[in-house]
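Q: Got a minute to go through this one with me? I'd like to start with the core and then wander a bit.

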Amino acid sequence: MGKRMIMEKRDRFISQLCRVCFCCLAIWAGSVAMAVGQEVVFDDEPAFGEERDIGLVSDPLEPMNRVFFHFNDKLYFWVLKPASHGYSYFIAEDVRMCVRSFFKNLLAPVRIVNNFLQGKVADSGVETARFILNSTLGIAGLADPAKNEFGLLPKDEDLGQTMGAYGLGEGIYFCWPVLGPSNVRDTIGLAGDFFLSPVSYLGMSDSGAGVAVQAGREVNNTSLTLGEYEDFKESAIDPYVALRDAYRQYRQKKIRDVAVGSDSVYISSSNTSQKKYARDTTGSGLPESHAEPVVADNFFVQVGTSFEAEKLLVMQQALLAMNTASVVTVSDRAGLNFYALEVPAGEKFESARQEAKRLSAAGFSEARVGQ
Amino acid sequence: MKNSSRWYLMVFSVCVLAFAAPVLHPGISCAAATDPVVFVKDAVDEIISILQDEKLAAPARKAERKNRMVTIVEKKFDFREMSMRALARHWRERSPAEQDRFVFLFKTLLENTYLAKIETYSGEKVVFKKAAVQGNRAIVYSDLIRKNVETPVNYKLKNNDDRWAVYDVEVEGVSLVNNYRTQFASILSKENFAGLIAKLEEKVGKGAAE
């Protein structure tokens, strides 16, 4: 009996969802025509340091969007903020950060599938590995050992980005109540990604629980970012326009994967400047007698994330206290950024290398000794 | 579902931190003299020394402390260039007096909203990554780490007469100057320049009163 009810509920839910999807498609079809003139052109790169001109946003629904913006604003100040304040009073920050990463881990299917859909097979693999590692070693995603111990950085992709990567225009701008800024493309993307989210399936069998979980997640995440929305509003002259533009810039950068951390940005100059850094700082860190720059690639300890990079700084200070030179550099290999501590070659630095080796024995992703 | 409504809060508050970044942690930096990374990091060290100066922390000297930080920021940021870029085509249509007034107001707005926040943040770390240089332009890449989240913050610099100056800050891919440009363009499509100036004056006045 109960089973049948659930089945019926699910059927009704799916048919409703199809209807929503159809409406979205209809709106999108209409707005694509309007957005044709503004589609992103991918092949001409702007001059170095210059912003790509992303044209004007299509916002025919501005009056309605402004109403929803206002609604969301009040929702934040009257509901979300007080709730998050109360919640953060009882729950320690560390716990809240764990909850946040738990939900992030749950959404791994979205990232795995969309990386794959965009032909980023390697990144899709990275996300899969992250999901497996974090779900097991990371205790259901409460921690992120994949990043902290294995240097596997998240590759954030969603269906909206996938469609954008295939050249689909954004359509008109929406400011949805509760969900916030979006556009036609990303709204469809959101609907598609919905099927890849475990929380949605919970919502299908028990919509009350689904809403509760979403609300809980929202409160948890907000508790970690209290004050940010206030800052945003204070800095803007017209917060509605500021948010619309920021959303647009953010999504376009995401689609083109240049929101930094991406290596494509550096390609033109990274190799030469990296080398230069290593040399120059080696020079300045050395005793006076070593005016000649030392090429510092004989020994390094490397870490994959900037959290761990702090350990390198501590190590570097220890080495400097021993009056020996060392350099901390940022580099990349196989598309991953890593931070490296280098100690110059030569007998003079033998004790420093030993010390670095000793220090690196504890807690680094990888320590490599050359020569 | 995806974390769609969360990112923008971060973007803006990190904009705040982009100004504050220098203050928080020198982090890793490796560069030569006259290097843009060093240029940005120098501002860091100077502001740190001001914030750590206990004598300046006294309430009576609050104004002096802020002025000192403003001096440093004004040395590092090119507010005229930022204003030109933010007004875009409207800039050329303005008289020199109007341009100066705009630069002053825009600069004050940025200082009021961003610089004043520096002291309210804690526990953030900044890691300076590498810089890309091409001709007289440079981009300094850094990561701001807060509550286990890394946010990319890029400083865009231009070299005039052998002096670097920051003309834009990009947080999580969102350019500060472009964001203001869109706002200014939207306001100027509805009202004249005097109206924009009035809006800025109101905003700046509010900030000063707080």
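Q: Which residues touch the most other members in the largest nonpolar core?
A: Met82(B), Ala86(B), Phe106(B), Ala131(B), Ala138(B), Val140(B) and Leu157(B), out of 63 residues in that core. Keep in mind that this is a predicted model: local features need pLDDT of at least 70, side-chain atom pairs count only at pLDDT 80 or more, and totals for chains, interfaces and linings use all residues. As for labels, residues are numbered from 1 along each chain as its sequence is written, while chains are lettered from A and ligands numbered from 1 in the order in which they are written.

Q: What counts as a nonpolar core?
A: A set of buried Ala, Val, Leu, Ile, Met, Phe, Trp, Tyr and Cys residues joined through C-beta atoms within 7 Å. Buried means 20 or more other C-beta atoms within 10 Å of the residue's own, exposed means 12 or fewer, and partly exposed is in between, with C-beta atoms placed from the backbone.

Q: What lies apart from the largest core?
A: Another core, of nine residues, including Val99(A), Ala108(A), Val110(A) and Val113(A). In soluble globular proteins, nonpolar side chains tend to be buried together.

Q: Back to Phe106(B). Which residues of H6(B) are buried along with Phe106(B)?
A: Phe102(B), Leu109(B), Leu110(B), Glu111(B), Asn112(B), Thr113(B) and Tyr114(B).

Q: And what span should H6(B) have?
A: H6(B) covers residues 96-114, so at 1.5 Å a residue its 19 residues should span 27 Å, and the end C-alpha atoms are indeed 27 Å apart. The expected span is 1.5 Å times one less than the number of residues. Helices here are DSSP runs (H or I, at least four residues), strands are runs of E (at least two), and both are numbered from the N terminus.

Q: How many helices and strands does chain B have?
A: Eight helices and five strands. Along the sequence the pattern is α-α-α-α-α-α-β-β-β-β-β-α-α.

Q: What order do the strands take in the sheet?
A: S1-S2-S3-S4-S5 of chain B, an open sheet with antiparallel pairing. Strands pair if DSSP finds at least two bridges between them. S1 (125-134) and S5 (174-175) of chain B are the edge strands, each pairing on one side only.

Q: How many bridges join S2(B) and S3(B)?
A: 10, between residues 137-146 and residues 149-160. One of the partnerships is Ser142(B) with Val153(B) in S3(B).

Q: Switching to chain A, how much of it is buried?
A: 40% of its 371 residues. For chain B, 50% of 210 residues count as buried.

Q: Which residues of S1(A) stand opposite residues in S2(A)?
A: Tyr173(A) stands opposite Asn183(A), and Trp176(A) stands opposite Gly180(A). S1(A) (173-176) and S2(A) (180-183) pair in the antiparallel sense over four bridges. Three residues sit between the strands of this hairpin, where Val178(A) has a positive phi near 70°.
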